[in-house]
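Thanks for asking me to look this one over. My notes follow as numbered points, each on one part of the structure.

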Amino acid sequence: MWSLLLLLPILPSIVLSLDLQPHNETAAAAFAATDLNHDGHIDKPEIENLFKLFDTNHDGRVSGDEFMATVRSHQHDARINFIFWSLFNVYDVTNNNVVDHIDIDRLFALIDRNGDNVVSRQEYTQYFAHQFELMDKEI
């Protein structure tokens, strides 16, 4: 979710191009937007802070409705909405239409391939480039 979390800052550039390709460059741009302290790594607090932007009712969880309402408040393009809904489904590891700390922990573990408790640019880019490639096949 954090990558939505992560991609919302680069939404204008995605809207203008309406293209996720090249996937690795889109993922790299999302990484740059997510690395809030610009240290070249993403840790759980950075992701949690991004998710708070979508938790509009402040219950510690982000529902699909909350997530998409935030996305739609920034744009109205159906293809972009589809991309962000697809990202929400990536973030919702437990498939219960809610992203919470369990989902964040599980997703973080999936991306943090070397298990050092930080996500490097390479780990993030590899993971999300693959996710964007899968999304492109559905669009």
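1. Let me start with Leu36, which sits in the loop that joins α3 (23–34) to β1 (41–42). This is a predicted model, so please read every value below as computed from predicted coordinates. Leu36 has a relative accessible area of 40%, and because buried means under 20% and exposed over 50%, Leu36 counts as partly exposed.

2. What does Leu36 touch, leaving aside residues up to four places away in sequence? Its partners are Glu46, Asn49 and Leu50. For Asn49, the C-alpha to C-alpha distance from Leu36 is 9.2 Å, with their positions 13 residues apart in sequence.

3. Now for the chain as a whole. Its secondary structure comprises 8 helices and 4 strands, and the order from the N terminus is α-α-α-β-α-β-α-α-β-α-β-α. Of the 139 residues, 49% are buried. Among contacts with a separation of 6 or more, 64% are between residues 24 or more positions apart.

4. Helix α4 (residues 44–52) and helix α7 (residues 101–111) make a pair you may like to view down the axes. Their axes come within 11 Å and cross at roughly 135°. Contributing to the contact are Lys44, Ile47, Glu48 and Phe51 from α4, together with His101, Ile104, Asp105 and Phe108 from α7. Are the two helices oblique or roughly antiparallel? Roughly antiparallel would need an angle over 145 degrees, so α4 and α7 are oblique to each other. The crossing of this pair, α4 with α7, is right-handed.

5. On the spacing in such contact lists, a general point helps: an α-helix has 3.6 residues a turn, so residues three or four places apart point the same way. With that in mind, the α4 and α7 lists are worth a second look in the viewer.

6. Helix α6 covers residues 78–91, which makes 14 residues. From first C-alpha to last, α6 reaches 20 Å, close to the 20 Å expected at 1.5 Å a residue. At the N-terminal end of α6, Asp77 acts as the cap, with a side-chain oxygen 2.8 Å from the backbone nitrogen of Arg79. The buried residues in α6 are Ile80, Asn81, Ile83, Phe84, Ser86, Leu87, Phe88, Val90 and Tyr91.

7. Which residues bring α5 and α6 together? From α5 (residues 64–72) they are Gly64, Phe67, Met68, Val71 and Arg72, and from α6 they are Asn81, Phe84, Trp85, Phe88 and Tyr91. The α5 and α6 axes come within 10 Å and cross at roughly 145°, and this crossing is right-handed. Among these contact residues, Asn81, Phe84, Phe88 and Tyr91 of α6 also appear as buried.

8. Ala69 is also in helix α5. Its relative accessible area is 45%, so Ala69 is partly exposed. The C-alpha atoms of Ala69 and Asn81 are 10.0 Å apart, with the two residues 12 positions apart along the chain.

9. Last, a polar pair. Asp136 belongs to helix α8 (residues 121–138), and its side chain makes a polar contact of 2.7 Å with the side chain of His23. Why does Asp136 count as buried? The limit is under 20% relative accessible area, and Asp136 is at 16%.

Conventions
Residues numbered from 1 in each chain as written. Predicted model: local features only at pLDDT ≥ 70, side-chain atom pairs only at ≥ 80, totals over all residues. Heavy atoms only, no water. Expected span 1.5 Å × (residues − 1). Buried < 20%, exposed > 50% of the residue type's maximum accessible area, 1.4 Å probe, protein only. Polar contact = N/O pair within 3.5 Å; in protein donor to acceptor, adjacent residues only side chain to side chain. Axes fitted to C-alpha atoms, helices over the stretch in contact; angles between N-to-C directions. Parallel < 35°, antiparallel > 145°, perpendicular 65-115°, else oblique. Left-handed = near helix turned anticlockwise from the far one by under 90°. Contact = heavy atoms within 4.5 Å.
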